Amino acid sequence: MFNNHHYSHTFCVALFFLLLSLIPRSTSLRFIGLTYSAPTTTPSPPPETISAALSTLKVNSLRLEDPDPTVIRTFLYTNVSLFLTVPNYLVPTMASNRSSTLRWLYTHVVPFYPRARITTISVGNAFLDSYPQSASALLPAITNLHLSLRDLGIRKITVSTSFSFVTAISTPFPPSSAQFQEPPGINLIGPLLQFLRDTNSSFLINVYPYNLYRLKSEIPLGIALFQEHPFNFRDDLVTGVRYRNLFDMMIDAVVSAMAVAGYESIPIVVTETGWPSSSTAANEVEANLGYAEIYLKGLVKHLRSGIGTPLLKDGVKEVYVYEMFDKKEGTTPSSRSWGVLYPNGTTKYRIDFSSSKSNYLLEGSWINLALRVLLSFLVLVLWI
């Protein structure tokens, strides 16, 4: 004979855990930072303006290109983590002269660390694109900076260098076929990856789906913009993996290239990503405010989901959006605006970049309250 009380109790227990799973909870987000680079044709905003902008956008990570010590000083005793970049023009000098490396550190790191939370230094940014003739200087410069930090007793700041995806990765699709493109006559990638693994550092890459979309006419716009449609996908026929956005394809191409080189366990940091909100080039109609907002919202939603990429289940370690402020400079026909904020600091988009967000399977504060009341009732029933 069935025991109705037993089955009622079992049902209540199952219902209890189901409702518990539906209650909103905070989930961690691999942090999203912003890049700040000072304008070259107009005065730089005061450092406090940069700090206020981070607060407005709910961002706690800042990547500084050609960092100004006055800006670094602004973030003493704050919870903002700083990512510093050594300008490209200094890389050859750092490679040949350790004293220049120490001078840079005594200007940009020693006066502030650890009161300022400096976490990473990139030796150059897409250095090979700007100085291909000096490719052999890159790894020595990285090594000198790393050793100089150790000489100063600083062991928690990692050192790396960033690459541009479109010039560093050959055959981006399918991702399984991707490999690194070595500079002509230089054996760089293997020794660099070995250095990163030995020092627990990350591989840094600039990932712009917009740029790859512009280069590859066969890429649908919706995939580049994280648009979710039933037929919005591309399959990697070698691995059988289905991709629904271009960002994941590009990250997995980097994963595949590192695997081919034998270093698939190195963390990946996206040092630049974004979508231009305008362009002076007449043929760049996709560079507009609407698409830029769609891309950034899709990026944040994707990262916040925590699902990673098909080949990188834990996802990238960090992502930096390029950039904080629009800069109205440049005379080339393809001058673009990438800023999340207008030059005067006003917001351009309605996007929450914060590092955590309530995860709602059922949204609404009244539903949350009802769930908690019902849970309390079930606890009482189970106790009896």
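Helix α12 is mostly covered, with 13 of its 16 residues buried. The helix belongs to a predicted model, and it is a convenient place to enter the structure. From its first C-alpha to its last, α12 reaches 23 Å, close to the 22 Å expected at 1.5 Å a residue. At the start of the helix, a side-chain oxygen of Asn245 comes to within 3.2 Å of the backbone nitrogen of Phe247. Just after the other end, Gly262 takes a positive phi of about 90°.

The next step is from the helix to the sheet. Eight strands form a closed barrel in the order β2-β3-β4-β5-β6-β9-β12-β14, and their pairing is parallel. On average, neighbouring strands of this sheet are turned by 25° against each other, direction ignored. Helix α12, residues 246-261, packs on this sheet and touches β9, β12 and β14. The direction of α12 makes about 135° with that of β12.

One of the strands that α12 touches is β9, and its pairing can be followed on both sides. Strands of a sheet pair through backbone hydrogen bonds, either parallel or antiparallel. Strand β6, residues 158-164, runs parallel to β9, residues 203-206, and three bridges join the two. Across this pair, Ser162 stands opposite Leu204, and Phe163 stands opposite Ile205. Towards β12, β9 is held by four bridges, again with the strands running parallel. Leu204 takes part here as well, with Val269 as its bridge partner in β12.

In a regular strand the side chains alternate between the two faces of the sheet. Are the residues on the two faces of β9 buried or exposed? Phe203 and Ile205 on one side are buried, and so are Leu204 and Asn206 on the other, which leaves both faces of the strand covered.

Beyond β14 the chain enters a loop that leads to β15, and Glu323 lies in this loop. With a relative accessible area of 4%, Glu323 is buried, because anything under 20% counts as such. What does the side chain of Glu323 meet in a polar contact? Its partner is the side chain of Lys327, at 2.6 Å. Leaving aside residues up to four places away in sequence, Glu323 touches Thr35, Ser37, Trp338, Gly339 and Val340.

The same loop between β14 and β15 holds Asp326, whose side chain meets that of Lys348 in a salt bridge of 2.7 Å, N to O. Lys348 lies in the loop between β15 and β16, so the pair ties together parts that are 22 residues apart in sequence. Both Asp326 and Lys348 are buried.

A search of the whole structure finds ten salt bridges, and the one between Asp326 and Lys348 is among them. Another joins Glu284 to Arg336, with the closest N and O atoms 2.8 Å apart. Why does this pair tie together parts that are 52 residues apart in sequence? Glu284 lies in the loop between β13 and α13, whereas Arg336 is in strand β15, so the bridge links two places separated along the chain. The two partners are not covered alike: Glu284 is buried, with a relative accessible area of 5%, while Arg336 is partly exposed, at 25%.

A further salt bridge is formed by Arg63 and Glu65, their closest N and O atoms being 3.5 Å apart. Arg63 counts as buried at 1% relative accessibility. Glu65, at 19%, also counts as buried, because the cut-off is under 20%. Salt bridges that share partners join Arg63, Glu65 and Glu272 into one network.

The chain as a whole remains. Its secondary structure comes to 14 helices and 16 strands. Of its 384 residues, 49% count as buried. Among contacts between residues at least 6 apart in sequence, 72% join residues at least 24 apart.

Key. Residues numbered from 1 in each chain as written. Predicted model: local features only at pLDDT ≥ 70, side-chain atom pairs only at ≥ 80, totals over all residues. Heavy atoms only, no water. Pairing = 2+ DSSP bridges. Axes fitted to C-alpha atoms, helices over the stretch in contact; angles between N-to-C directions. Contact = heavy atoms within 4.5 Å. Buried < 20%, exposed > 50% of the residue type's maximum accessible area, 1.4 Å probe, protein only. Polar contact = N/O pair within 3.5 Å; in protein donor to acceptor, adjacent residues only side chain to side chain. Expected span 1.5 Å × (residues − 1). Salt bridge = Lys/Arg side-chain N within 4 Å of Asp/Glu carboxyl O.
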